[in-house]
Amino acid sequence: MAKMIGLIEVDIETCKGCSLCVEACPTSVIELAEEVNGKGYNYAYMENPDACIGCANCSMVCPDSCITVYRKKVEMV
Amino acid sequence: MEENSMAEVFNDIKKPENLVYSKSKVLTDNVMHYCPGCSHGVVHRILAEVIEELGVQDKTIGVAPVGCSVLMYNYIDIDWQEAAHGRAPAVGTAINRLWPEKIVFTYQGDGDLAAIGTAETIHACNRGENMIMLFINNGIYGMTGGQMAPTTLKGMKSSTCPFGREPAQDGNPLKITELLAQLPGTSLVTRQAVHTPAAVRKTKKALLKAFENQKQKKGTSVIEVVSTCNSGWKMTPVESNKWMAENMFPFYPLGDFKDE
């Protein structure tokens with residue numbers, strides 16, 4: 001069986017912590033960090049990286065275009 | 001040990017051939033000045049993506065409005081003209097007539113398009129000027145501190161109607177997109193939103209259609225985007241999206257009004 005594994009990269013300095021991506025993620029991968037960036041915003045990061053399927057929903061709703069998405073198909077044994 | 005294997009997996013995925021989404025090259029590196037979660041950012045982004053996909057970066061001219069998006073020319077790397085408050089369709093008309101082969105779009109908020117610029121908007125659409133009009137409707141004057149706009153809903157609170165809009169005193173909210181759909185000059189009149197990934201994809205599709213109409217010289221394409229102003233509405237971005245779906249959509253229903 002094949003499975004999609006995804007990876008998101010958040011540009012921490014341009015993220016404003018609006019949490020729209022947290023809401024849009026179907027597999028609850030994204031959370032807001034406890035730490036803040038240079039502007040004082042709690043930036044988004046991958047809390048559960050294993051669950052990411054690379055659907056790019058987070059990047060679709062991001063107003064600041066700070067999310068880059070990668071996706072790869074892997075064969076499960 | 002486990003962290004090492006995690007990093008290995010990440011390095012394995014993070015390759016150019018696995019790239020699904022990255023920031024559009026038409027967007028500049030400037031950080032947008034908008035509040036966190038503002039719909040303007042999403043609309044700017046899909047606009048840049050459409051321009052990049054169609055390969056029209058060198059022949060697109062945008063007309064920036066007065067309002068929060070007044071500094072829009074800092075964010076999308078195309079040619080721009082700044083218009084006086086409400087006069088973007090008039091400036092767009094001039095550009096369109098001087099360079100008919102260029103792609104012209106105007107980008108306005110509700111205070112710009114539906115209040116001070118109503119005459120320009122209606123007459124540009126009635127003449128059927130060959131351009132794209134993007135209308136961001138958040139029911140409030142966001143830039144100046146959340147005053148009541150023509151599109152403010154009945155009973156909706158703003159800083160100049162703190163107890164809610166009362167039609168007997170303040171008049172009724174204006175559905176300008178429905179008005180524009182009646183005019184013979186318009187070819188595509190649609191209302192969209194950008195609150196969910198599906199809605200963003202639909203709005204992008206509508207934009208692609210509008211750029212296509214412009215190429216075929218079909219007339220004015222009006223795209224209204226029902227948006228949020230979380231600072232003006234005094235809510236979090238997620239709450240304001242929910243509030244918009246519950247309160248704005250019943251009065252401003254999404255969908256195409258005209259597609260010829």
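How many bridges join strand 1 of chain A to strand 4 of chain A, and in which direction do the two strands run? The points below address this and related features of the model, which is predicted.

1. Pairing within chain A. Strand 1 of chain A and strand 4 of chain A, the latter covering residues 67-75, are joined by 9 bridges and run antiparallel. One of the residue pairs is A:Ile8 with A:Val69, where A:Val69 is the bridge partner in strand 4 of chain A.

2. The sheet across chains A and B. An open sheet of 3 strands is found, with antiparallel pairing and the order 1(A)-4(A)-1(B). Its edge strands are strand 1 of chain A (2-10) and strand 1 of chain B (19-21), each of which pairs on one side only. On average, neighbouring strands in this sheet are turned by 30° against each other, with direction ignored.

3. Disulfides. The count over all chains is 0 disulfides. For A:Cys25, the closest cysteine sulfur belongs to A:Cys55 and lies 6.1 Å from its own sulfur, which is too far for a bond, because a disulfide requires the two sulfur atoms to be within 2.5 Å. A:Cys52 is likewise in no disulfide: the nearest cysteine sulfur is that of A:Cys25, 6.7 Å away.

4. Burial of the cysteines. A:Cys25 has a relative accessible area of 16% and is therefore buried, given that the cut-off for burial is under 20%. A:Cys52, with a relative accessible area of 8%, is also buried.

How values were computed:
Residues are numbered from 1 along each chain as its sequence is written. Chains are lettered from A and ligands numbered from 1 in the order in which they are written. This is a predicted model: local features need pLDDT of at least 70, side-chain atom pairs count only at pLDDT 80 or more; totals for chains, interfaces and linings use all residues. Side-chain values use heavy atoms; hydrogens and water are left out. Buried means under 20% relative accessible area, exposed over 50%, partly exposed in between (1.4 Å probe, protein chains only). Two strands pair if DSSP finds at least two bridges between them. Helices (H or I, at least four residues) and strands (E, at least two) are DSSP runs, numbered from the N terminus. Axes are lines fitted to C-alpha atoms, for helices over the stretch in contact, and angles run from 0 to 180 degrees between N-to-C directions.
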